[in-house]
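Reader: I would like a close look at a single part of this model, followed outward into whatever surrounds it. Please take the steps slowly and keep the reasoning in view.

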Amino acid sequence: MPLQKNISGELTQEVLEAGDGGSVSSISLVNTHASAKCTVDMYIEKKLTGKFYLAKAVTLPIGVTLVLDAVKFNSGENGFSLFIKLTKSASETPTVDVIIN
């Protein structure tokens with residue numbers, strides 16, 4: 001179930017919706033902006049269960065990759081959705097590539 005996405009902007013984005021996949025075991029994020037760092041919030045959420053942060057206010061310098069390789073959650077039917085919010089550090093729009101396995 002590998003999934004690759006390019007995300008940008010400061011809105012919270014649903015990267016993986018419950019029911020779209022199966023078991024998630026790793027997530028990789030890389031800051032692809034040419035000249036600005038960004039801050040990342042990443043969490044999973046399920047109705048009636050709540051929100052659980054995998055990363056909160058993590059700063060990603062230019063070109064740096066954050067790898068979460070001990071992640072285990074179900075995104076299948078009745079599972080969790082994955083959300084990412086980027087925050088810019090300057091006037092530029094933050095951009096990040098995401099790979100989910």
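Author: In this predicted model, Leu48 has a relative accessibility of 93% and therefore counts as exposed, the cut-off for that label being over 50%. Leu48 is placed in the loop between S5 and S6, and its phi angle is near 70°, a positive value in a residue that is not glycine. Following the chain into S6 brings us to Ala57, which is part of that strand and again has a positive phi without being a glycine, here near 55°. Ala57 also counts as exposed, because its relative accessibility is 52%.

The two strands that flank the loop of Leu48 belong to an open sheet of 4 strands, whose order is S2-S9-S5-S6 and whose pairing is antiparallel. S2 and S6 form the edges of this sheet, and because each has a single partner strand, one side of each lacks a neighbour in the sheet. From one strand to its neighbour, the average turn is 25°, with direction ignored. As a general matter, the strands of a sheet are held in register through backbone hydrogen bonds, in either a parallel or an antiparallel arrangement.

Within this sheet, S9 pairs with S5 in the antiparallel sense over 8 bridges, and Met42 is found opposite Ile84 of S9 in that pairing. S9 also pairs with S2, once more in the antiparallel sense, over 3 bridges. On that side, Leu16 has Leu82 of S9 opposite it, while Gln13 has Ile84 of S9 opposite it. Ile84 thus faces Met42 as well as Gln13 across the sheet.

Several of these names return in the largest nonpolar core, which has 23 residues and in which Ile27, Leu29, Met42, Leu82, Ile84 and Val98 touch the most other members. The strands that each supply at least two residues of this core are S2 (13-16), S4, S5 (38-46), S6 (50-60), S7, S9 (81-88) and S10 (95-100). The greatest contribution comes from S5, with 4 residues. A gathering of this kind fits a general tendency, since in soluble globular proteins nonpolar side chains tend to be buried together.

Leu82 shows how the surroundings of one core residue are put together. Leaving out residues up to four places away in sequence, Leu82 touches Gln13, Glu14, Val15 and Leu16, then Ile27, then Met42, Tyr43 and Ile44, and finally Leu54, Phe73 and Ile100. Among these contacts are Ile27 and Met42, which are themselves named with Leu82 among the core residues that touch the most other members.

Some of the strands named for the core lie in a second arrangement, an open sheet of 4 strands in the order S1-S10-S4-S7 with antiparallel pairing. Here S1 (3-8) and S7 (65-68) are the edge strands, and as each has a single partner strand, one side of each is left without a neighbour in the sheet. The average twist from strand to strand in this sheet is 15°. S4, which spans residues 27-31, is joined to S7 by 4 bridges in the antiparallel sense, and Val30 has Thr65 of S7 as its bridge partner.

Next to Val30 in the sequence is Asn31, another residue of S4. Asn31 counts as buried, because its relative accessible area is 2% and the cut-off for burial is under 20%. The side chain of Asn31 reaches two backbone oxygens, that of Ala36 at 3.0 Å and that of Pro61 at 3.4 Å. Beyond four places in sequence, Asn31 touches Ala36, Lys37 and Cys38, the run Leu60, Pro61, Ile62, Gly63 and Val64, and also Thr95 and Val96.

A second loop residue stands in contrast to Leu48. Gly76, in the loop between S8 (73-74) and S9, counts as buried because its relative accessibility is 8%, whereas Leu48 at 93% counts as exposed. Apart from neighbours within four places in sequence, Gly76 makes contact with Ala18, Gly19, Gly21 and Gly22. Gly76 is also 8.5 Å from Glu17, C-alpha to C-alpha, although the two are 59 residues apart in sequence.

Note on methods:
Residues are numbered from 1 along each chain as its sequence is written. This is a predicted model: local features need pLDDT of at least 70, side-chain atom pairs count only at pLDDT 80 or more; totals for chains, interfaces and linings use all residues. Side-chain values use heavy atoms; hydrogens and water are left out. Two strands pair if DSSP finds at least two bridges between them. Axes are lines fitted to C-alpha atoms, for helices over the stretch in contact, and angles run from 0 to 180 degrees between N-to-C directions. A nonpolar core is a set of buried Ala, Val, Leu, Ile, Met, Phe, Trp, Tyr and Cys residues joined through side-chain atoms within 4.5 Å. Buried means under 20% relative accessible area, exposed over 50%, partly exposed in between (1.4 Å probe, protein chains only). Contact means heavy atoms within 4.5 Å. A polar contact is a pair of N or O atoms within 3.5 Å; within protein, one must be able to donate a hydrogen and the other to accept it, and residues adjacent in sequence count only if both atoms are side-chain atoms.
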